[in-house]
Every structure is written in C-alpha cells, then in structure tokens.
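Ready for some practice in reading a protein model? Work through each task with the structure open beside you, then compare your steps with the solution.

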Amino acid sequence: MRQELQSLPKGLAEDVARNLVMVAKLIDEDPEQAYAYARIALRLASRVAAVREAAGFAAYTNQKYSEALAEFRAARRMTGSAELWPVMADCERGLGRPEKALDMAGEPEVQRLDKAGQVEMRLVAAGARRDMDQLDAAIVTLQSPELAANSVQPWTARLRYAYADALQAAGREDEAREWFAKTIEADRDGATDASDRLAELDGVEFVDAFDEETESESAEHGVELPVGSGEPEKTGLSEAVPDGDEDVSGRETSQD
C-alpha cells in the first residue's frame, strides 16, 4: 500500500493513509464509521488499488454488496490479482445470485489463489449450495484434504465449523458433535461459538449467575422479585447459517 500511495503528492498521500488506517482500525468494532472513512479515502484517491479494496471491504462489512463488488472489481482490474475472487463470489451470494458464486468457484482464477484463498472459495461455494437448499452437496463441497488435515492452519477452525454446522443441519448430529469438538481444538482464539454449539447438542443449559445471585440476595432481604425475573436463561445459540441472516463465510445477507 505504501508504494501505491507514493504515486500521490505527499500531503494527499498522508491524508489517504490516515483514513485507511482508521478503516482497518474500525472495520470490526464500528463498521459504519469505517465505511465513512473509506468513502473519504475513495474521494481522495480513487485510482489507488488499495483504496478501492479498502472501500470494498468497508462496503462488504456493511452489507452493501453491490457497491462492494464494484470496488473489488475495480481493484482487481488495477492489480490483475485473483486474491479478491472469493469475496467477490460471496458478494454474488449477498445479492441473491448463488448460481453465479458457484460459477466463479469453477473458474481458472481459483487455481491462482494461495491455499487460504482456495479454502475461502470452498467455504463460499458450500454456502452457495446451502443458499440453493443443496445441503448434501454443501457437505461434499467442504470435504477436502484441508478439512481432514491434523495440522492447524488459520482457516482450520472456520472450515471445521462450517462442516459441523452443515452436518447438524442435515440431521447427522453424532458427526456434527465430533466436528464441533474438532473445531474447538483448532479455535485457539475463540472466534467461533463451537463450544456453545457442542453444549447445545449435549443438552447443556447455561444459567445466568448474575440473575441467580440477585434472586438469592433479594430473598435474603425479603424482596419479592417479579415473576420470571430470576429464571435461568439459555445462551443465545443460533445456527451458523440461519435463513437470511448469516452463513458459514461470516457474511450477513442484505436487502441491497
């Protein structure tokens, strides 16, 4: 990115760099604000590939899939790189075109991706299969040497989680339990809710300790709690791919 910005006047390059830094800093915790910074950078330097890519990811995170796809295409034209191919395919899914995403999964560009990119493309393709209610095909799509490998790579937890989730959706709960357990082994940063999903399969209910403590203290002081205020709550356990909300690639669907 620094090399690309060197083509700009110094003052302009510094302004663009500051905005891109804020995009990277905020894109997970405050996507809307990150998007605002990306738009500023885009107005300042629309001919810089790194700016178009950052604008694409900011739009993607905010479920603006049509806009994200346009920015990714622009960045790809500028660089000639296939790196953005999987996320471009996922934008097609977001726009309600899973068939197009599957077509992209079979294009020669996939062979130009590194291993991480190929795994990402596999996740997107499996998600597209599920969009089309082809659950068995989604399961087969995820079956790969990367899934079977014992070594833990940056993509391992997400791949195992997607497979476990698909198995559970297909009613294969014993296999799903096994793969959620394997996900936990690979998920060193706790990026997935595999432990909750496994507990759900095992019939474990979680009690809110704070509510129990409040109820106990209130009872000691003769305070009557409203009906239901001290009842234990189950954790919010949602499927990884509920209809119209979220899927295995981490993308939320949009009304764009």
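Three exercises on this predicted model follow.

**Exercise 1.** Find where Gln63 lies, and decide how exposed Gln63 is.

*Solution.*
Step 1: Look between the helices α4 (49-61) and α5 (65-79); Gln63 is in the loop there.
Step 2: Check the backbone. Most residues other than glycine have a negative phi. Gln63 is not a glycine, yet it has a positive phi of about 65 degrees.
Step 3: Take the relative accessibility, 24%. Partly exposed lies between under 20% (buried) and over 50% (exposed), so Gln63 counts as partly exposed.

**Exercise 2.** Now do the same for Asp133: where is it, and is it buried or exposed?

*Solution.*
Step 1: Asp133 sits in the loop between α8 (115-131) and α9 (135-142).
Step 2: Asp133 has a positive phi of about 60 degrees, although it is not a glycine.
Step 3: The relative accessibility of Asp133 is 71%, so this residue counts as exposed.

**Exercise 3.** Describe the surroundings of Ala58: which residues does it touch, leaving out those up to four places away in sequence?

*Solution.*
Step 1: Locate Ala58 in helix α4.
Step 2: With a relative accessible area of 0%, Ala58 is buried.
Step 3: List the contacts. Leaving out residues up to four places away in sequence, Ala58 touches Ile27, Ala34, Tyr35 and Ala38.
Step 4: Pick one partner, Ala34. Ala58 and Ala34 are 24 residues apart in sequence, and their C-alpha atoms are 6.3 Å apart in space.

Key. Residues are numbered from 1 along each chain as its sequence is written. This is a predicted model: local features need pLDDT of at least 70, side-chain atom pairs count only at pLDDT 80 or more; totals for chains, interfaces and linings use all residues. Side-chain values use heavy atoms; hydrogens and water are left out. Helices (H or I, at least four residues) and strands (E, at least two) are DSSP runs, numbered from the N terminus. Buried means under 20% relative accessible area, exposed over 50%, partly exposed in between (1.4 Å probe, protein chains only). Contact means heavy atoms within 4.5 Å.
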